[in-house]
Amino acid sequence: MAEPIRVLVTGAAGQIAYSLLFSIAKGDVFGKEQPIILVLLDITPMMPVLEGVVMELQDCALPLLREIIATDKEEVAFMDLDAAILVGSMPRREGMERKDLLKANVAIFKSQGAALDKYAKKTVKVLVVGNPANTNCLIAAKSAPSIPKQNFSCLTRLDHNRARSQVAIRCGVPATQVKNVIIWGNHSSTQYPDVHHCVVNMSGCEQPCFDAVKDDAWLKGDFISTVQQRGAAVIKARKLSSAMSAAKAICDHMRDLWSGTPQGEFTSMGVYSSGNSYGVLEDLIYSFPVQIKDKTWTIVDGLAINDFSRAKMDATAQELKEERDTAVEFLGV
């Protein structure tokens, strides 16, 4: 058996974590042979709830789960981490301006970035889920200068999975038959779900998405807005934000990061934009198509970008630039 790895989940008493922790603990993410020490962080008022989560994890009697550490202290939570999944963030409350939300989250992710810098392994892989995820990720990375920027990513896999599923439903095939959709940009309503490089396996024959769907107006209209607005649609229906699907996307993201992407396929992740070949502004956490090997992501280069795509990619980059500039102002760097 391998040595146990230390995996942190923040916001661990929340609903996304409740859907996530079992999958991590039973080996769906880091492998069926990989023992895990699960570290659970939440704010002090949530500690009684977190104790209940710990009891349930114990009661699952999982062979790979070697230890559970529940804490409200960053110096305990971030010690010697191999992976950090930062789910906890300040939710947007009624009447709250986006700027107020950014300010509150800058404080959280500055503190957690500094804790990563001080206590975690320098090889730690950090996934930021808490919204606004791209900018929170940027702040955490800037606050952890001794950890490579390559080690930070934010979650756009949920958007990626939503896009893949919408195409699959439209074509009447399982989602596994749809590959190489792309989410460009921000995990917000400006994101650009792009299927120009997507292929669909129809009865054993791979076809470009536009040929398989045979409805260009839908692919350039309602498909995009459905994926962009899906989170709001779930909230409207459930009166709660996406949890089961968010947890599944986190598992997909971390599994690919740990084990690699299949040959010839790429996925979507919010990663550092510096040095990209698509003309996206530097110093943003921006969602790109990536391939992963040996726990290292590489942006997929050389994809043709038409004018339709360019305009949408630029619009979401502009939103991220504005978010970054506001956040950095609060950060004081």
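1. UniProt positions are given in the numbering used here, and annotations may be inferred rather than shown by experiment. On that basis, the unreviewed UniProt entry places the feature "domain: Lactate/malate dehydrogenase C-terminal" at residues 156–330. The structure discussed in this note is a predicted model. In the model, the end C-alpha atoms of residues 156–330 lie 25 Å apart, and the span is 46% helix and 20% strand.

2. The unreviewed UniProt entry lists H187 under "active site". In the model, H187 is found in the loop between β8 (182–184) and β9 (192–194). With neighbours within four places in sequence left aside, the contacts of H187 are N131, N134, L155, T156 and D159. Of these contacts, N131 is also one of the residues covered by the "binding site" annotation of the unreviewed UniProt entry, and N134 is among the buried residues of helix α5.

3. Helix α5 (residues 133–142) deserves separate comment. Nine of its 10 residues are buried, so the helix is largely enclosed by the rest of the structure. The buried residues are A133, N134, T135, N136, C137, L138, I139, A140 and A141. The elements covering them include the helices α4 (98–119) and α12 (307–331). Strands also contribute to this cover, among them β5 (125–128), β6 (152–154), β12 (267–272) and β13 (285–293).

4. The "binding site" annotation in the unreviewed UniProt entry covers D42, N105, V129, G130 and N131. D42 lies in the loop between β2 (36–41) and α2. Its relative accessibility is 12%, and D42 therefore counts as buried, the cut-off being under 20%. Not counting residues up to four places away in sequence, D42 touches G11, A12, A13 and G14. Further contacts of D42 are M47, L50, T71 and D72.

5. Strand β2 also contains I37. I37 has a relative accessibility of 12% and so counts as buried. The C-alpha atoms of I37 and I5 are separated by 6.0 Å, although these residues are 32 residues apart along the chain. I5 is also among the contacts of I37 once neighbours within four places in sequence are left aside; the others listed are P4, R6, V7, E67 and I69.

6. The packing of helix α1 (residues 15–25) against helix α2 (residues 47–59) can be described in some detail. The two helices pack at an angle of about 35°, with their axes 11 Å apart, and α1 passes α2 in a right-handed crossing. From α1, the residues Y18, L21, F22 and A25 meet V53, E56 and L57 of α2. By class, this contact has six nonpolar, no polar and one charged residues. As background, an α-helix has 3.6 residues a turn, so residues three or four places apart point the same way.

7. An open sheet of three strands has the order β7-β10-β11, with antiparallel pairing. Its edge strands are β7 (178–179) and β11 (205–208), each of which pairs on one side only. Strand β10 (residues 199–202) is joined to β11 by four bridges, and these two strands run antiparallel. Within β11, E206 stands opposite N201.

Notes: Residues are numbered from 1 along each chain as its sequence is written. This is a predicted model: local features need pLDDT of at least 70, side-chain atom pairs count only at pLDDT 80 or more; totals for chains, interfaces and linings use all residues. Side-chain values use heavy atoms; hydrogens and water are left out. Contact means heavy atoms within 4.5 Å. Buried means under 20% relative accessible area, exposed over 50%, partly exposed in between (1.4 Å probe, protein chains only). Two strands pair if DSSP finds at least two bridges between them. Axes are lines fitted to C-alpha atoms, for helices over the stretch in contact, and angles run from 0 to 180 degrees between N-to-C directions. A crossing is left-handed if the near helix is turned anticlockwise from the far one by less than a right angle, and right-handed if clockwise. Ala, Val, Leu, Ile, Met, Phe, Trp, Tyr, Cys and Pro count as nonpolar, Asp, Glu, Lys and Arg as charged, and the others, Gly among them, as polar.
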